[in-house]
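Colleague: Before I rely on the terms used for this protein, I would like to hear how each of them was earned. Could you show me the structure and then take my questions in turn?

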Amino acid sequence: MKDEKAIFTEAIAIANAVERRAFLNRACGDDAELRAHVQSLIDAHERAGTFLEAPPAGLQNAQTHSAVDLAGTTIGHYKLLERIGEGGMGVVYMAEQMRPVKRRVALKIIKPGLDTKQVIARFEAERQALAMMDHPNIAKVFEAGTTETGHPYFVMELVRGIPITDYCDQHQLTPRQRLELFLPVCQAVQHAHQKGIIHRDLKPNNVLVTLGDNDKPVPKVIDFGIAKATGEQRLTDRTLFTEFRQLIGTPLYMSPEQAEMSQLTDVDTRSDVYSLGVLLYELLTGTTPFDKQRLAKAAYDEVRRIIREEEPPRPSTRLSTMGDVLTTVSAQRQTDPKKLSQTVRGELDWIVMKALEKERSRRYETAIGLAHDVGRYLADQPVEACPPSRMYRLRKFARRNRPLLATVAVIAIVLIVATVFSSWQAVRATRARIEAGREADKQKAINDFLQDMLQSANPYATSLSEPYKGKDVTVLQAIGGAVRRIDEGALKDRPEIEAAVRDTIGETYSSLGERILAQAQQREALRLARQVYGPEHPVVAQDMLDLGHTLFLVGGRAEAGPLLRQGLAMQRKFLDEKDPRLVESLRRFCQLLLSEDADAEAEKVAREIIRIDPRATSALVEVLAQQHRCAEAESVYRQLLTSTEQENGADHVRTRQTLMGLAQVLDAEDKLPEAEAMYRRGLELSQRLRFTDDPTYICMELNLGDVLREQGKIDDANVHYRRGLKCAVTHPSRQHLPIRLAEILRAQGLATEADAALRHLIATFTEAIRAEPKITQLWIGRAMCYRALAEYTEAVADCTKAVELEPGDWATWSHRASVYALSGHPELAEADIAKAMEHADQNAVAYNDLAWIMAAEPSLFARNPKLAMELAERSSSLAPNSGSHWNTLGLALYRAGDYVKAIDALTRSLQLQKGDDFSWDAFFLAMARWRLGHKDEARNWYSQAVQWMDKHEPGKAELTRFRDEASQLLQLPLSATTPTTISAPASRP
Amino acid sequence: MQNPSIEDADARCAAVTQLLNQAKAGDRQAAGDLLPLVYDELRALAAKKMRQERGDHTLQATALVHEAYLRVLGGADAARWDGRWHFFAAAAQAMRRILVENARQRGRLKRGGGGERLNLDDVNVTVDQPPDHLLALDEALIEFAQKHPAEARLVQLRYFAGLTRDQAAEALGISPATASRDWAFARAWLYKRITETERSDEG
């Protein structure tokens, strides 16, 4: 026989399969046996994995107590009589206590693998609390000790019973009887919780049923305090794996936070609520939420992932997929498959699923809360469970998976509708059961409601002309339908549900980019939440944060600031300082701080976020970008891109968001070709994700247009501008984008196209106003479109409507003032500014805005220079680190004729803004220098300003006016491309 | 050396050192006598650690070998001393024996030790390989050693004593490249043998 080893060795060195085969044919010749043998060795070689590469199994002391029957021996004061059970943790003996009293007890010897001293110490730490427990459904734990061989043991009340699930099946208890038996279990757990004891290992084997007086079944929860003593190892990194694996026990009843096993999430009473949920699931369906076989087979990390992430099927769904087993399961419950499914579907599903929420704050707060809901079901009262958690999941879903926007939105309606009817249905169901008990009624009512809701959707889309028809719009309208139903009182009797639904609708609006519509819902949600929960409550805090963030996004910073600050402070009271839920709130707070130019504080917050979640770097990037630390930002973004891609894959919306951020940084660094490539990647990804109608998409098109234009690729740029515009006009909340795009097109002489786009946007607004006439920002938005078209009469009319709706808001007055100023009515503008000041309330942003309106327009400034100066000085002293406020002051000083001081202020603004908004300062620096007779410097500033403007803000209406003002003063020709009719938003970008 | 089993640890260490010196000088008898001494040393060390650290702690076999080595030979010189390979050869063999005994014992206890069948939801997730795996490997190794003794020694050194490829190559007096080839062959051979056995057991 030829040398199998030599052939094998040579063969595996040949990578190419064809060549390898040829070699084998040659080497083995006609020796088929050898050939087969070598081939099987090669196969083994390829399949061997880490065989023999990992070290051999550890050495264990095989002499364990689980293996040796100790009956007849004595441990401490206890004589072991009989072995009565064995579990993952150890062996249980019936024992006789000899001193101080003679009684039968259960003695559990913990199996090897634990540090005995620690176990005993932890048990002793809880011992007093354990001794305080006194409940008929709790088996007392008396004592802990150490056997001679060093194993910890526990002594507890002897319960002669069998696991609750076995008991129920053996006695064929009906679902109702099972629920009744489940109630005292919850009460027992609640009792323990009140004494500060968490069980941590609730499962059927720890809930035994024994027979009490009159042979009445009495459930007894055993092993309180033992899981904590034996399970809660302080896991050091070195020992994490082995100890973890040794200690885990059964994962079937384990809560997600227990599976997490992180140092950050401490297990609390709600972990027991989860386990009770699993128990209830099993009592109803005969199976656990996750399949036993599957968990037993899965690798460890997979088990953890399943528990933490996978949504188990609802009990009724599980029943429906059981096949033949369902017959047995039903028989054990004295019912038939159809009836059992009917019983479980609906309220019982909801109760179980609420207990099984992944996030513990969405579960029942307490075990008794769960019991009460079960009680309500048994008493035919509407249950508390379900709708909010479902909404919540939707919300999370919408936040995470933006690529599925359209789908999400559709789901959103369905779920909102579902929520509306489910709570209503609960009421109705009860009534139905009491009055007639007719299930069919309920179903029909649900169907009617659903159809009614879906048919009511849609007028928006039909009235819009084809090119700008967006699919979101119909969705918006459908949500609007749900809103109207709620407004009409569909949830009048359930304010807590109404609050949750409105907050969710708000978040859904917000995720669709409809911030204006969002904020109205969130405002109402907050009001209701305060009414239901009082001023201090986690729900109230969340609603404040949600509303605050939306307001911030629509520019209502005056109101957003306090809401975000208070909301965050309140949330911190309820959450652990490293709770991941803080990340989102902190991120919002960070954005607020950035907008307030509080860079240092913002960076602190951004770093706090990273301490909580090392991957959450986006806030830091924003901080760095704002401070022009571009290189740092770029490097953080590149890391983020790599990790996002690794985590979510390249085709994921988070990847797109990161691409956008990186592109913007590159753009800011003037790395134009790189930025272009990155935007293009982002847009291609948008196409692949079919995510081409949201604000990020619009921004990418616009920015890519800018980058192309700056490189001189005008035609290519316009392609992208147009795409962005086409989409932008269907988004009422995003009016500044189309307006800006229209300006750019206009600067290129494409005024007709620009006007057409603005008209479409006006149409969008008009439809939105028809649906939601009481939302101020819709009126303002339309006014801004009219203003951009220089149709001031219409603009004033819309602003006036806004002022009527919200006379207490300085911003509405300020908007009208800006329109008056542009339309040649300085006296009316001045009056509105005075009104705005009454409500400005020490708000730097407000003073800046108003001062700007006055300083930008010479005729208005001339009417009341003193007021303008006062406003500008106040705004810059309130926000001394904000460049734009110094810019305003510089303008005012220039208008006031104080050219030296104006130059100081403008220079300061330039320094603070580090190159942003250069021309806003530079045109005035040119004019101030000119006035002082420094003509060369003036011309120099002017030409730099023109260059910057052409590159960064071509056609920007307001800048164009300043440019014209400067060129007149410097006796230079006017800009050719700019039609003088166009006017611009008064507010600075 | 009629009775190499020595109760006292220090005496045992001294005896091991002496035997290693003799083995290095070419005394084949000495090399053979090493085994029971090293075996005792490893068992004693394991038992001591079990007592010290935990009631029942899982000890890593290869770590134990290296610790025993340091205990027996001590000090920095040991790392360069030629005789050390004799020690590891003996230790690998001893450790293999210990592990197999341990696995046999555990296997016996699990099956016949009087415990009821465990419920599925009571079974802990565990890192330990099933005892059968070691026993199967041991059987396959015996067979392999008859045909390929040098390669089997390599497996023993690497797997049971935890030597790296280069260390094992040095111990066996072969080149690292040869060690790589032998290792690939041995792994494939043993894997094939064990999986064949498992399949025929199932069928």
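Modeller: What follows is a conversation about a predicted model, in which each term is set against the value behind it.

Colleague: Let us begin with chain A as a whole; what makes up its secondary structure, and what share of its residues is buried?

Modeller: The secondary structure of chain A comes to 48 helices and 9 strands, and of its 989 residues 56% are buried. The chain exposes about 41,100 Å², of which carbon and sulfur atoms supply 50%. Among the contacts in chain A with a separation of 6 or more, 63% join residues 24 or more positions apart.

Colleague: Why is the largest nonpolar core said to lie between two domains?

Modeller: That core has 166 residues, and those with the most contacts inside it are Tyr679(A), Leu778(A), Ile833(A), Leu871(A), Phe923(A) and Phe962(A). Helix H46 of chain A, residues 918-931, gives the largest share, 10 residues. Because domain 3 (386-513) and domain 4 (807-969) of chain A both give residues to the core, it lies between them. A second, separate core has 69 residues, including Ile7(A), Leu42(B), Leu157(B) and Tyr159(B).

Colleague: How do you know that the length of helix H17 of chain A agrees with its number of residues?

Modeller: The helix runs over residues 367-378, and at 1.5 Å a residue its 12 residues should span 16 Å; the expected span is 1.5 Å times one less than the number of residues. The end C-alpha atoms of H17(A) are 17 Å apart, which agrees with the expectation. Several residues of H17(A) are buried, among them Ala367(A), Leu370(A), Val374(A) and Tyr377(A). Just after H17(A) comes Asp380(A), which takes a positive phi of about 60°.

Colleague: What makes helix H16 of chain A count as largely enclosed?

Modeller: The helix covers residues 347-355, and 9 of its 9 residues are buried, so H16(A) is largely enclosed by the rest of the structure. The buried residues of H16(A) include the charged-type names you may be looking for in the sequence, namely Glu347(A), Asp349(A) and Lys354(A), as well as Trp350(A) and Ile351(A).

Colleague: Why is His191(A) called buried, and what is it in contact with?

Modeller: Buried means under 20% relative accessible area, and His191(A), at 13% relative accessibility, therefore counts as buried. His191(A) has its place in helix H6 of chain A, residues 175-194. Leaving aside neighbours within four places in sequence, His191(A) is in contact with Met132(A), Met133(A), Asp134(A), His135(A) and Ile138(A).

Colleague: How do you know that Ala846(A) is buried, and which residues does it touch?

Modeller: The relative accessible area of Ala846(A) is 0%, so this residue is buried. Ala846(A) is found in helix H41 of chain A, residues 844-856, and, not counting residues up to four places away in sequence, it touches Trp810(A) and Ala840(A). Although Ala846(A) and Arg557(A) are 289 residues apart along the chain, their C-alpha atoms are separated by 9.5 Å.

Colleague: Arg200(A) and Asp215(A) each have a positive phi; why is each of them called buried or exposed?

Modeller: Arg200(A), which is not a glycine, has a positive phi of about 75° and is found in the loop between H6 and E8 of chain A; its relative accessible area is 14%, so Arg200(A) is buried. Asp215(A), also not a glycine, has a positive phi of about 60° and lies in the loop between E8 and E9 of chain A. Exposed means over 50%, and because Asp215(A) stands at 59% relative accessibility, it counts as exposed.

Colleague: What makes E7 and E9 of chain A edge strands?

Modeller: The open sheet has 3 strands in the order E7-E8-E9, with antiparallel pairing. Strand E7 (162-163) and strand E9 (217-221) each have a single partner strand, so one side of each is left without a neighbour in the sheet. Strand E8 of chain A, residues 207-211, pairs with E9(A) over 5 bridges in the antiparallel sense, and Val207(A) stands opposite Val221(A) in E9(A).

Colleague: Why is strand E4 of chain A described as mostly covered?

Modeller: The strand spans residues 103-110, and 6 of its 8 residues are buried. E4(A) pairs with strand E6 of chain A, residues 152-157, in the antiparallel sense over 5 bridges, with Lys108(A) opposite Phe154(A) in E6(A).

Note on methods. Residues numbered from 1 in each chain as written. Chains lettered and ligands numbered in written order. Predicted model: local features only at pLDDT ≥ 70, side-chain atom pairs only at ≥ 80, totals over all residues. Heavy atoms only, no water. Core = buried A, V, L, I, M, F, W, Y, C linked by side-chain atoms within 4.5 Å. Buried < 20%, exposed > 50% of the residue type's maximum accessible area, 1.4 Å probe, protein only. Helix = DSSP H or I, 4+ residues; strand = E, 2+ residues; numbered from the N terminus. Domains from an automatic or database assignment. Contact = heavy atoms within 4.5 Å. Areas by Shrake-Rupley, 256 points an atom, 1.4 Å probe, with all protein chains shown as cover. Pairing = 2+ DSSP bridges.
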